[in-house]
Each structure stands twice: as C-alpha cells, then as structure tokens.
Amino acid sequence: MCSANLNPSILDSGTPIRFLTWNICGMGNPIKRSRVFSHLKWLNSDIVFLQETHLRLKDHHRLPSSWIGQVYHSNFNSKAKGVAILINEIILFYDPVVWLTLGTLRNHSTKMFSFF
C-alpha cells in the first residue's frame, strides 16, 4: 500500500489531497470487503486506486460505501484482474477527460490513450 499527498500550493482550497494505491488481492469475500472499506475510511484517503479487485462486472455494485462519492472500475467477466478508483464524497471531481486502456491486440501488448 502506498500513499501520497498532492502539494497544497496547486490546489484551490489549499488542503492536500490524499492518494492511496493498494493491491488488495481480491475483494469478493464480504468480510474482506468490509475490512478493506473500514481500513480505507480509517486512512481518510481522498482518492483510492485499487488493484486486483477480482470483481466481475455484475459485482461492481458492491464497490460503493458510505464515504465514497464516485467509483470508476474496469469491466471484466472473470473473477481475476480488475482495478477501481474510489473518490471520497468530499472531493469535487468532474467528468474525467482522460482514458488509458492496456490490453492485448492481435497478440501484442497494447496501450491506448485518449483525452479531450
């Protein structure tokens, strides 16, 4: 688990934004999911990047929690892989304008990046 604070001088409010990234090695189990969300709330992070969520597309309704305002997640139909971005409800985050996709295209590792 890694965390960082964004320099407050570049923010309008002057308050640091706390980022956290965590490879959680799966969160399909309700007890583990509850513990993960409790720990994240205790850490008081503003933006959380989760890796290896192991949630299928139909399971993503389980990601929101009382302190989470916005959720962005990958779409998979298998219980493997998976990433999610959780944004605290106190953070004003407007429509994202950047998208990066990593995958395999014709047997080649591919990165696709789009912004507007």
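User: Let's start with Leu-40. Which residues does Leu-40 touch, not counting residues up to four places away in sequence?

Analyst: In this predicted model, Leu-40 touches Leu-20, Trp-22, Ser-45, Val-48, Leu-50, Trp-67 and Leu-86, once residues up to four places away in sequence are set aside. Take Leu-20 from that list: Leu-40 and Leu-20 are 20 residues apart in sequence, and their C-alpha atoms are 8.8 Å apart in space.

User: Where does Leu-40 lie, and is Leu-40 buried or exposed?

Analyst: Leu-40 lies in helix α1. The cut-off for buried is under 20% relative accessible area, and Leu-40 has 0% relative accessibility, so Leu-40 counts as buried.

User: How should I read a cluster of residues like that?

Analyst: The general idea is that nonpolar side chains tend to be buried together in soluble globular proteins. Here, the largest nonpolar core has 16 residues, and Leu-40 is listed among those with the most contacts inside it, together with Trp-22, Met-27, Phe-37, Val-48, Leu-50 and Leu-86.

User: Which elements supply at least two residues of this core?

Analyst: Each of β2, α1, β3 and β5 (83-88) does. The largest share, four residues, comes from α1.

User: And Leu-86, what is Leu-86 in contact with beyond its neighbours within four places in sequence?

Analyst: Leu-86 is in contact with Phe-37, Leu-40, Asp-46, Ile-47, Val-48, Leu-50, Ile-68, Gln-70 and Val-71.

User: Now the strands. How many bridges join β2 to β3?

Analyst: Five bridges join strand β2 (residues 18-23) to strand β3 (residues 47-51), and the two run parallel. For one register point, pick Thr-21: its bridge partner in β3 is Phe-49. Together with helix α1 (residues 30-43), β2 and β3 make a β-α-β unit, and it's right-handed.

User: What should I keep in mind about side chains along a strand?

Analyst: In a regular strand, side chains alternate between the two faces of the sheet.

User: Next, aromatics. How many aromatic pairs does a search of the whole structure find?

Analyst: One. The rings of Phe-19 and Phe-49 have their centres 6.3 Å apart and their planes at 10°, so the pair counts as stacked. It links distant parts of the chain, with Phe-19 in strand β2 and Phe-49 in strand β3, 30 residues apart.

User: What relative accessible area does Phe-19 have, and what about Phe-49?

Analyst: Phe-19 has 24%, so Phe-19 is partly exposed. Phe-49 is at 31% relative accessibility and also counts as partly exposed.

Notes
Residues are numbered from 1 along each chain as its sequence is written. This is a predicted model: local features need pLDDT of at least 70, side-chain atom pairs count only at pLDDT 80 or more; totals for chains, interfaces and linings use all residues. Side-chain values use heavy atoms; hydrogens and water are left out. Two strands pair if DSSP finds at least two bridges between them. A crossover is right-handed if, with the strands pointing away from the viewer, the path from the first strand over the helix to the second runs clockwise. Buried means under 20% relative accessible area, exposed over 50%, partly exposed in between (1.4 Å probe, protein chains only). Contact means heavy atoms within 4.5 Å. Rings of Phe, Tyr and Trp (its six-membered ring) pair if their centres lie within 6.5 Å; planes under 30 degrees apart count as stacked, over 60 as edge-to-face and the rest as tilted. A nonpolar core is a set of buried Ala, Val, Leu, Ile, Met, Phe, Trp, Tyr and Cys residues joined through side-chain atoms within 4.5 Å.
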